[in-house]
Amino acid sequence: MRVRVWGVRGGIPSPSPHTVGLGGNTACIDILTSDKQTIILDAGTGIRSLGNTLLQENPNRILATILISHTHWDHIQGFPFFAPVIGENNRNNRFVIIGQGHVDRDLQKVLAGQIREPYLPFSFDELTADLHIKHCHDNETMIIGDATTVHTATLDHPGGVLGFRIENNGASLAYCTDCTHPQDHLNPNVLRIAQNADILFHDAQFLNLEERQQFAHYGHSSWLEAAEVARTANVKCLALFHYAPDATDTIMMDILHQARDIFPNTVLAREGMSFTLPFPDNFLPS
């Protein structure tokens with residue numbers, strides 16, 4: 001399956017000369033499976049560029065599944081600017097949007113809540129694509145197309161967050177953004193999602209353990225914990241992800257060298273990264 005990265009930041013977009021190497025958009029990744037199913041992970045600001053690319057690649061109709069890890073703003077703020085859901089020419093497009101369900105927090109109402117006055121000059125009801133919104137929960141398995149399985153796990157983050165494991169034709173990708181771990185052990189649900197994955201995208205918001213302990217209530221991880229998860233879960237490649245807005249390219253390159261001392265097959269997720277799973281022997285994305 002082909003994987004492309006469109007947004008790597010957490011919190012808020014952070015475009016600047018100091019972040020241009022890795023990118024300043026918030027979380028978004030897309031996957032094209034072996035049977036041509038499109039799966040989108042999160043709808044941060046990176047989804048805007050993805051939308052423009054999908055329109056060029058699929059001029060007649062776009063069919064896709066959007067998996068929302070959680071509805072903190074940095075993971076949904078790009079959705080109102082996702083061009084394939086807007087305009088008369090896009091009525092044939094169809095998106096199944098899947099996220100965590102709560103008794104008092106309907107996913108459609110959350111998405112609609114940011115697409116209205118006084119925030120935007122149009123409403124959710126004016127979106128023209130065929131949208132189907134569904135809820136999922138911990139430890140569910142979903143089938144997409146003929147060859148893809150998605151497994152979910154509840155991770156530890158304020159308000160709740162889902163981790164996803166996508167398996168397709170012998171390849172596997174684990175997505176564990178916005179998660180934290182107990183101080184004395186690794187979160188077993190993160191390990192379950194990550195076990196033996198070809199690549200693990202893992203929260204690396206905090207630059208060190210001291211920062212993580214100071215802001216433990218934020219529900220994020222440091223790169224140290226990400227590397228420990230990768231080593232313990234026997235993943236083939238770790239992609240650090242969900243960088244803090246102030247984590248410059250220089251800072252993250254220094255962290256990459258330190259992370260490789262713990263888990264050598266570590267890379268930095270960056271906008272524009274594209275690769276195919278499973279990896280050939282001795283290959284890692286650059």
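## A hairpin to start with

Strands E2 and E3 make a hairpin, with five residues between them, and Lys36 in the turn carries a positive phi of about 65 degrees. This is a predicted model, so read every value here as computed from it. The two strands run antiparallel, and four bridges join E2 (residues 28-32) to E3. Across that pairing, Ile29 sits opposite Leu41 of E3.

E3 also pairs with E4, this time in parallel, again through four bridges. Here the facing residues include Ile40, which stands opposite Ile66 in E4. Put H1 into the picture and you get a right-handed β-α-β unit made of E3, H1 and E4. As for the side chains of E3 (residues 38-41), Thr38 and Ile40 point one way while Ile39 and Leu41 point the other way, and all of them are buried.

## The two biggest pockets

What lies closest to the centre of the largest pocket? The pocket holds about 430 Å³ of space, and of its 21 lining residues the closest to the centre are Gln37, Thr38, Leu63, Ala64 and Thr65. Thr38 is thus a residue we have already met, as one of the buried positions on E3. Helix H1 (46-57) and strands E4 (63-68), E5 (94-100) and E7 (141-144) each give at least two residues to the lining. By class, that lining splits into 10 nonpolar, five polar and six charged residues.

The second largest pocket has about 260 Å³ of space. It is lined by 18 residues, and Gly11, Gln205, Phe206, Tyr218 and His220 are the closest to its centre. Its lining is made up of seven nonpolar, seven polar and four charged residues.

## Aromatic pairs

How many aromatic pairs does the model have? The count comes to five. One of them is Phe82 with Phe95: the ring centres are 5.2 Å apart and the planes sit at 65 degrees, past the 60-degree cut-off, so the pair is edge-to-face. Phe82 is in the loop between E4 and E5 and Phe95 is in strand E5, so this contact links parts of the chain that are 13 residues apart. Phe82 and Phe95 are both buried. Phe79 joins in as well, since Phe79, Phe82 and Phe95 form one aromatic cluster.

Another pair is Phe201 with Phe241, where the centres are 5.7 Å apart and the planes are at 80 degrees, so this one is edge-to-face too. Phe201 belongs to strand E11 (residues 199-203) and Phe241 to strand E12 (residues 238-241), so the pair ties together parts 40 residues apart in sequence. Again, both Phe201 and Phe241 are buried.

## Backbone oddities

Most residues other than glycine have a negative phi, and most peptide bonds are trans. With that in mind, a few spots deserve a look. The peptide bond from Glu117 to Pro118 is cis, with omega near 10 degrees, and Pro118 sits in the loop between helix H2 (107-113) and strand E6 (130-136). A cis bond also joins Leu277 and Pro278, with omega about -5 degrees. Pro278 is in the segment after strand E14 (274-276).

Then there are the positive phi values. Asp178 is not a glycine, yet its phi is positive at about 50 degrees. You will find Asp178 in the loop between strand E10 (171-176) and helix H3 (188-194), and at 2% relative accessibility it counts as buried. His242 has a phi near 65 degrees, also a positive value in a residue other than glycine. His242 is in the loop between E12 and helix H6 (249-262), and it is buried, with a relative accessible area of 1%.

## A histidine in a loop

Is His157 buried or exposed? At 7% relative accessibility, His157 counts as buried, because the cut-off is under 20%. Its place is in the loop between strand E8 (148-155) and strand E9 (161-168). His157 and His181 are 24 residues apart in sequence, and their C-alpha atoms are 9.5 Å apart in space.

Methods. Residues are numbered from 1 along each chain as its sequence is written. This is a predicted model: local features need pLDDT of at least 70, side-chain atom pairs count only at pLDDT 80 or more; totals for chains, interfaces and linings use all residues. Side-chain values use heavy atoms; hydrogens and water are left out. On a 1 Å grid over the protein atoms alone, a cavity is a set of points where a 1.4 Å probe fits but cannot get out, and a pocket is an open set with protein on both sides within 12 Å along at least five of seven lines; lining residues have an atom within 4 Å of a point. Grid points are joined across faces, edges and corners, and a volume is the space filled by probe spheres set on the points. Ala, Val, Leu, Ile, Met, Phe, Trp, Tyr, Cys and Pro count as nonpolar, Asp, Glu, Lys and Arg as charged, and the others, Gly among them, as polar. Rings of Phe, Tyr and Trp (its six-membered ring) pair if their centres lie within 6.5 Å; planes under 30 degrees apart count as stacked, over 60 as edge-to-face and the rest as tilted. Buried means under 20% relative accessible area, exposed over 50%, partly exposed in between (1.4 Å probe, protein chains only). Two strands pair if DSSP finds at least two bridges between them. A crossover is right-handed if, with the strands pointing away from the viewer, the path from the first strand over the helix to the second runs clockwise.
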